[in-house]
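Here is a short walk through a structure that may be new to you. Have a look at the picture first, and then we'll go through it chain by chain.

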Amino acid sequence: MEELVKRKIKEIHRGNKNAFGDIVEFYKDKVFQICFRMVGNRSEAEDIAQETFIRAYINIGNYNMDKKFSTWLYRIATNLCIDRLRKKKADYSLDAEVTGTEGLTMYSQIPSADPLPEDAVAFMELQDFLQRELLALPEKYRTAIILKYMEELSLNEISEILDLPVGTVKTHIHRGREALRKRLRHL
Amino acid sequence: MRQCPDYLYEYMQEFLDGDIPAEHDRVLKEHLRTCKDCRDYFYELKRTEMFIKSLANVHAPDGFTDEVLNRLPKAAKKARLRHWFSHHPFLTAAAIFLLLMSGSTFSAWTDNHEDFSVTKQPDLIIKNDTAIVPEGKTINGDIVVRNGSIRIEGKVDGDVTVINGEKYIASAGEVTGDIQEINQLFEWIWFDIKNKVSQWIKIFDGKSEEEKDFQ
């Protein structure tokens, strides 16, 4: 996979835009997932995910071929998410509401005229609930938890993406896990 | 809630991280066999992991890739150029040099574009925008005509160059050197560069000849 990606990047260096389209196809779900779970809002996540790829393209000359491409890409994505969250916090500091979940979660996007099986509704309600719990975590714990459990990355990779020592990443995951345990234990 | 020693909870975290040392693993497992509170606690942590993993089902919206590619072009050119420049410093320098040189050449071409001019030679007749070498006369030396034409009825003992004009040579006309017509900007640039280069060569040769004289 990484070899294929590096071949594509060489093609991009030669000006082949289609090769970049392939890269976007490879990584779009993963990058979108990071963004969506970080900010909790689909349209905003889409915006940030697109921005991630555009920045990657513009700065492809700065990517070091000796490193894993996904690490570099996820780093752009998480940085953009954190920037966006900080900006939002500054903009809406007076609203105490949980930000990011307004009317745009998966459950509320399904047209109401189209009744769903009970199980599916229950599943989506659970997903919405879990997403809200995730959003309630401090950003640094949330980021580490998303990279570990949704992207299934190793502690070393997470440490590279977040530019933090492995020990700090572990602490963030432990605290995030513990905070979620307390909130989810009665489910 | 947490009634057992702290290290046991740390061992649980180590277990979940997947890097628990064998000794800690043994101690933890032995403890879990006997302590129901810790078993419950550990079970809650495992369930939390499972819940969070269940969120890993997100897909990018339809048309995502196209949308990204549509937003690229402007950035694309810049990126490619920047990349090219940084990887070809020598060629970049050469390109800038050529660009600057052709810049002055271009302005030389446009500056001279309007005015008719011709090399001054005795016996050369000027009529409107045409220089005429009269029948029976011989002009010793090169003639350059800009933005006009030349009619050669006599003889030119040298080169004739016509820039942005035409040459007519009568049957009795004769040119002993080269005849060149330059109408295109590109040819003009080439001509200008050739001249500059030959000037440099002349200067260089002149110097080396002077050096020889000193010896």
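Let's start with chain B, where buried residues make up 16% of the 215 residues. Keep in mind that this is a predicted model. Chain B is a mix of 7 helices and 11 strands. Of its contacts with a separation of 6 or more, 21% are between residues 24 or more positions apart.

Chain A is another story. It has 9 helices and 0 strands, so if you follow the elements from the N terminus on, you meet α nine times in a row. Buried residues come to 35% of the 187 residues in chain A. Among contacts between residues at least 6 apart in sequence, 62% in chain A join residues at least 24 apart.

Now for the strands of chain B. Which strands make up the open sheet, and in what order? There are 4 of them, ordered β2-β3-β6-β9 (chain B), with mixed pairing. β2 (125-127) and β9 (167-169) of chain B stand at the edges with a single partner strand each, so one side of each has no neighbour in the sheet. From one strand to the next, the twist averages 20°.

Some of the strand pairs in chain B are set out here, each with one pair of residues that stand opposite each other.

| Strands | Direction | Bridges | Opposite residues |
|---|---|---|---|
| β6 (149-152) and β9 of chain B | parallel | 3 bridges | I152(B) and I169(B) |
| β1 (117-118) and β5 (143-146) of chain B | antiparallel | 2 bridges | S117(B) and R146(B) |
| β5 and β8 (160-163) of chain B | parallel | 4 bridges | V145(B) and V162(B) |

Note that β5(B) turns up twice: β5(B) is joined to β1(B) by 2 antiparallel bridges and to β8(B) by 4 parallel ones.

Next, the place where the chains touch. The contact takes 31 residues from chain B and 35 residues from chain A. On the chain B side, α1, α3, α4 (64-70) and α5 (73-87) each supply at least two residues. The largest share of that side, 8 residues, comes from α3(B). Sorted by class, the side of chain B that touches chain A has 16 nonpolar, 6 polar and 9 charged residues.

One helix of chain A deserves a closer look: α9(A). At 1.5 Å a residue, the 19 residues of α9(A) (residues 166-184) should span 27 Å, and the end C-alpha atoms are 26 Å apart, which agrees. Several residues of α9(A) are buried, among them V169(A), I173(A), G176(A), R177(A) and L180(A). What covers the buried residues of α9(A)? The cover includes α6 (118-136), α7 (139-149) and α8 (155-162) of chain A, together with α1 (6-17) and α3 (36-53) of chain B.

How do α9(A) and α3(B) meet? Their axes come within 9 Å and cross at roughly 95°. Angles from 65 to 115 degrees count as roughly perpendicular, and α9(A) and α3(B) are therefore roughly perpendicular to each other. From α9(A), the residues R177(A), L180(A), R181(A) and L184(A) take part. Across from them, α3(B) brings E44(B), L45(B), R47(B), T48(B), F51(B) and I52(B). The residues of this contact divide into 5 nonpolar, 1 polar and 4 charged.

Key: Residues numbered from 1 in each chain as written. Chains lettered and ligands numbered in written order. Predicted model: local features only at pLDDT ≥ 70, side-chain atom pairs only at ≥ 80, totals over all residues. Expected span 1.5 Å × (residues − 1). Buried ≥ 20, exposed ≤ 12 C-beta atoms within 10 Å, placed from the backbone. Contact = placed C-beta atoms within 7 Å. Pairing = 2+ DSSP bridges. Axes fitted to C-alpha atoms, helices over the stretch in contact; angles between N-to-C directions. Nonpolar A, V, L, I, M, F, W, Y, C, P; charged D, E, K, R; others polar. Parallel < 35°, antiparallel > 145°, perpendicular 65-115°, else oblique.
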